[in-house]
Protein chains: 2
Amino acid sequence: VTGSTSEASSEFELIDLLRSRLGCDRPDVRVGIGDDAAVLAVPVGHELVVSTDTLIAGVHFPLTTRAEDIGWKSLAVNLSDMAAMGATPVWVLLALTMPSPDRAFVERFADGFGALAAQHRIALVGGDTTGGPLSIGLTVAGIVPAGRALLRSGARSGDAVFVTGTLGDAAAALRRLGMAARRESDVDIALRERLDRPMPRIAAGLVLREAASACIDVSDGLIADLGHVAVQSGVGIEIAASALPASAALLAVSDARERLMFQASGGDDYELAFTLAAAREQTILRDLASAGCGATRIGRVVEGQGVRLLDDDGCEIALDRRGWEHFA
Amino acid sequence: VTGSTSEASSEFELIDLLRSRLGCDRPDVRVGIGDDAAVLAVPVGHELVVSTDTLIAGVHFPLTTRAEDIGWKSLAVNLSDMAAMGATPVWVLLALTMPSPDRAFVERFADGFGALAAQHRIALVGGDTTGGPLSIGLTVAGIVPAGRALLRSGARSGDAVFVTGTLGDAAAALRRLGMAARRESDVDIALRERLDRPMPRIAAGLVLREAASACIDVSDGLIADLGHVAVQSGVGIEIAASALPASAALLAVSDARERLMFQASGGDDYELAFTLAAAREQTILRDLASAGCGATRIGRVVEGQGVRLLDDDGCEIALDRRGWEHFA
């Protein structure tokens with residue numbers, strides 16, 4: 001029931017491969033992969049921040065995604081949760097399910113995963129491989145000074161709302177995948193890079209930890225994600241549609257209506273949406289810029305509840321149930 | 001790509017259900033399910049112990065397993081890793097993949113999972129549900145006084161080898177599942193209980209932390225698992241086949257040859273195999289008994305390498321590649 005010996009040895013070989021490639025040398029890893037569990041040291045005065053996320057082939061990434069990109073994106077999606085908490089990511093555990101023990105796939109997966117892990121000196125401290133349709137389950141752990149984690153619940157009426165980077169590229173890339181085959185233009189390559197290789201906003205999260213009143217990462221779509229901030233903070237949020245930041249690539253491939261759909265409800269960009277007392281705006285935008293991260297003011301926190309997307313006349317733009325907006 | 005709004009709300013509903021059922025009230029959970037990540041406090045002077053394990057339907061449990069038992073077993077298998085480290089389990093994160101958002105299944109899963117979690121006051125602090133063939137990915141975290149985790153690497157020549165409880169019941173239950181339909185006898189019910197509801201040896205692990213030189217949980221089969229202890233400790237291990245403990249139920253359904261196969265290579269019993277300086281045997285067996293756990297001396301640590309299963313004449317019993325033994 002736990003697999004024949006030959007399957008088991010393949011599993012051990014793959015875990016050894018992952019350990020040798022991804023188990024970086026951190027002094028806070030007392031025992032890494034290879035015992036019944038890892039033993040880790042959380043520094044005094046800090047709290048542990050943990051989240052788990054599973055990516056399924058064909059659901060969370062296109063079936064045609066390269067193994068290297070699956071590795072990168074799996075880690076990026078999980079690191080984005082650490083960024084949204086203002087945490088410094090340190091350790092990760094990987095549960096890899098694949099149809100057969102495919103060493104070549106695991107090597108390439110480790111290339112992409114390891115490239116991002118190395119940027120943040122994150123150590124793989126647990127691994128499990130099982131047979132089944134391709135899916136990647138990650139649990140990532142980070143640390144934050146005690147009591148300083150950046151939550152969804154602190155937004156207050158009068159705060160300004162911001163988002164890092166630009167929105168909508170990943171959704172546009174995904175939409176264009178479904179279209180008739182075309183030459184790969186620079187624009188499509190740029191959009192696809194956003195879909196396959198999102199860059200978690202770790203440095204921005206550390207800046208925001210000292211200043212933002214609430215923060216969330218944009219994974220399910222800006223309006224849906226800000227909805228969690230509104231509920232957990234007990235406030236309403238108004239977003240100015242025309243303020244939403246777009247990349248040059250997105251501007252090149254979309255009309256205004258389609259662009260807004262991608263930006264407001266596309267998701268998968270892994271930017272940070274955050275709220276801030278308006279008086280702190282200049283300082284924080286400067287600190288974010290120093291951390292290599294642009295941010296745009298897109299709205300404000302109000303009394304009430306829910307998230308409303310507004311046009312330039314202050315009229316609400318409605319979203320229907322499928323997340324697609326129509327102009328009333 | 002991240003699911004339609006209707007799927008997403010089902011996911012949120014299921015996570016809310018899991019949180020309300022399994023997110024117990026622990027003071028060390030600063031922020032539980034509901035933000036981008038959980039925030040947890042590791043007590044000063046302690047290290048964090050973490051492991052991850054995925055259970056796939058039809059591989060790690062029979063397809064006919066009841067949802068309640070899947071919930072129990074998923075947690076038990078992961079807690080067993082904590083027991084083997086001498087850790088006190090405190091938090092768990094769940095990645096649940098299922099074909100459709102099935103609330104009734106999740107309710108029953110939570111019944112079984114929650115029954116075991118409540119015994120140890122473990123809090124669910126992270127959850128993720130996705131669509132796909134049924135699988136359960138868990139990451140469990142525990143704590144241990146700094147430097148005191150019980151590892152696989154400390155066995156020394158001259159130590160005695162022990163195992164808690166009895167071996168082979170789960171493998172016998174599984175084998176009998178595959179046979180022609182029969183009336184459910186008390187014996188079959190008892191064996192099936194061992195397969196579906198393994199009892200992680202948490203209390204025994206805490207006793208052994210103070211005394212054992214090495215420890216591992218018996219998940220893949222006694223000889224295979226002791227092989228990891230032998231490699232990581234740089235020793236050989238000799239096991240007396242006739243010393244392996246059997247339950248009354250196993251004795252009732254197996255002949256000597258089949259029984260040894262179940263005990264030596266069956267796995268899935270989640271007992272602890274451990275090594276101990278022989279002089280400490282009496283004290284430790286008494287302390288284990290006080291913790292409600294029997295243990296049996298089954299062999300010894302020797303110089304050399306590998307694990308050898310010996311008959312009463314000291315002759316080796318060979319295992320073939322498929323983990324089934326034959327008498328040479």
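I looked up the polar contacts between the chains of this predicted model: across the interface of chain B and chain A, 17 residue pairs are in polar contact, both residues at pLDDT 80 or more. A polar contact is a pair of N or O atoms within 3.5 Å; within protein, one must be able to donate a hydrogen and the other to accept it, and residues adjacent in sequence count only if both atoms are side-chain atoms.

I noted that strand β3 (residues 46-56) of chain B gives the largest share, nine residues, of the side of chain B that touches chain A. Strands here are DSSP E runs of at least two residues, and helices are H or I runs of at least four, numbered from the N terminus.

I next searched for salt bridges (a side-chain nitrogen of Lys or Arg within 4 Å of a carboxyl oxygen of Asp or Glu). The rule finds six across the interface of chain B and chain A. I recorded one between the side chains of B:E47 and A:R30, at 2.9 Å, N to O.

I then examined strand pairing, for which DSSP must find at least two bridges between two strands. Strand β2 (residues 38-40) of chain A and β3(B) pair in the antiparallel sense over three bridges. In β3(B), B:V50 is the bridge partner of A:A38.

I finally noted the conventions. Residues are numbered from 1 along each chain as its sequence is written, and chains are lettered from A in the order in which they are written. Local features need pLDDT of at least 70, and side-chain values use heavy atoms, with hydrogens and water left out.
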